[in-house]
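Hello,

Here is the structure I promised to pass on. My notes on its aromatic residues and a surface patch follow below it.

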Amino acid sequence: MYESIIPFPAESASTVDKYCCSHSTSLPSLFADHAAWTVDKFETSYMMCCQLQAQMCVFIASDRRARRVLEIGTFTGYSALAWKEGMKAVGGEVWTCDVGPRAIAASKEAFAKYDPEGKIHLVEGPALQTLQEINAQPFDIIYIDARKAEYINYVETILERNLLAENGIILADDTIHLGLVADRSPTNPHSAREDIEYSLQHADNVHKFNEWAAKHPRLEVLLLPIFNGLTLIKIKS
Ligand SMILES: C[S@@+](CC[C@H](N)C(=O)[O-])C[C@H]1O[C@@H](n2cnc3c(N)ncnc32)[C@H](O)[C@@H]1O
C-alpha cells in the first residue's frame, strides 16, 4: 500500500502534473489564454489555481449536476470560469466574491470577455459581509479560497444561514499549506522559504481551521493532500 503522498522531486512532480492534465478532459482554450494573461499581469499569479485543479472544478460541478456555485476568493476569475464551464450543460450560475481592487478590476475584465451570457456574478466586498448578505437560496458547491484566518467564520456563517444545499459540498482550498500544518521541521523543504514567517502564520490559521472542522459535530470532513491541500466538507445527515 502506498502512503497518500508519493514523494517526487520537483521536476518529476511537474512532469507528472502535466501528464495528469493531458490525461484529463481538456479545458477550452480560453483557460490557457486567461492563465497566461494572469501570469503576465500579476506577480502574485501563484494565487490562481492550477490547470488540473480547474479541470477538477469542471468535473465536480458537472458530476454533481450543480446549478449554483458560491466562490469565496475570485482573484482574476480563473476558477470561477471553471465552475461555470462545469455547469454549462445546465446553464448554472456562479456567485464569486473578492475584496481586492486589482482582483475586482481584472475579474470584471475577464468576465466581460469570457462570460458574455452573464452566468458569473461578481460580488464586491469582504467575504464575511457577502456571506451575511447574499440571498440565502442554497448553493450546491461552496468553494472557499480567500483569507485563511476567516475560514472558520466562513463555514460558521454558511451553517447559520443554511447556505449549503442538501447534499451540497464545501471545498476549502490550501488546507495543508506546503505541508507546514503538519511538519515545519528542516525535513520539509518549505521550512527554509524566504517568506517563512508569513507562511507559518498562514499554516497556523489553516491548522486551527482543520482542527475545528475535524471536531465539528455537524460536519463530515475529508482533508486530501492534493494541490496545496483540499478539504471536502458536507453536513452530516
Ligand atoms: C487564492 S486567491 C483566489 C484564487 C481564485 N479562486 C483562482 O483560483 O483563480 C484569493 C483571493 O481572495 C481575496 N480575498 C482575500 N481576503 C478576502 C476577504 N476577506 N474577502 C473577499 N476576498 C478576499 C484576495 O483578494 C484574492 O484575490
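The charged end of Arg68 lies over the ring of Trp95, at 4.7 Å from the ring centre. Arg102 is placed in a similar way: its charged end sits over the ring of Phe42, 4.2 Å from the centre. Please keep in mind that this is a predicted model.

Phe42 also has an aromatic partner. Searching the whole structure gives seven aromatic pairs, and one of them joins Phe42 and Phe75. Their ring centres are 5.1 Å apart and the planes meet at 70°. Because planes over 60 degrees apart count as edge-to-face, this pair is edge-to-face. The two residues come from distant parts of the chain, 33 residues apart. Phe42 belongs to the loop between helix H2 (29-41) and helix H3 (51-63), while Phe75 belongs to the loop between strand S1 (68-72) and helix H4 (78-86). Buried means under 20% relative accessible area, so Phe42, at 7%, counts as buried, and so does Phe75, at 9%.

Elsewhere, Tyr151, Tyr154, Phe209 and Trp212 make up one aromatic cluster.

On the surface there is a nonpolar patch formed by Tyr2, Ile6, Phe8 and Val16. Together these residues have about 430 Å² of accessible area. Val16 lies in helix H1 (residues 10-22). With a relative accessible area of 31%, Val16 is partly exposed.

Regards

Key: Residues numbered from 1 in each chain as written. Predicted model: local features only at pLDDT ≥ 70, side-chain atom pairs only at ≥ 80, totals over all residues. Heavy atoms only, no water. Phe/Tyr/Trp six-rings, centres within 6.5 Å; stacked < 30°, edge-to-face > 60°. Helix = DSSP H or I, 4+ residues; strand = E, 2+ residues; numbered from the N terminus. Buried < 20%, exposed > 50% of the residue type's maximum accessible area, 1.4 Å probe, protein only. Lys NZ or Arg CZ within 6 Å of the ring centre and 35° of its normal. Patch = residues over 30% accessible without salt bridge, like charges linked within 9 Å, V, L, I, M, F, W, Y side chains within 5 Å. Areas by Shrake-Rupley, 256 points an atom, 1.4 Å probe, with all protein chains shown as cover. Salt bridge = Lys/Arg side-chain N within 4 Å of Asp/Glu carboxyl O.
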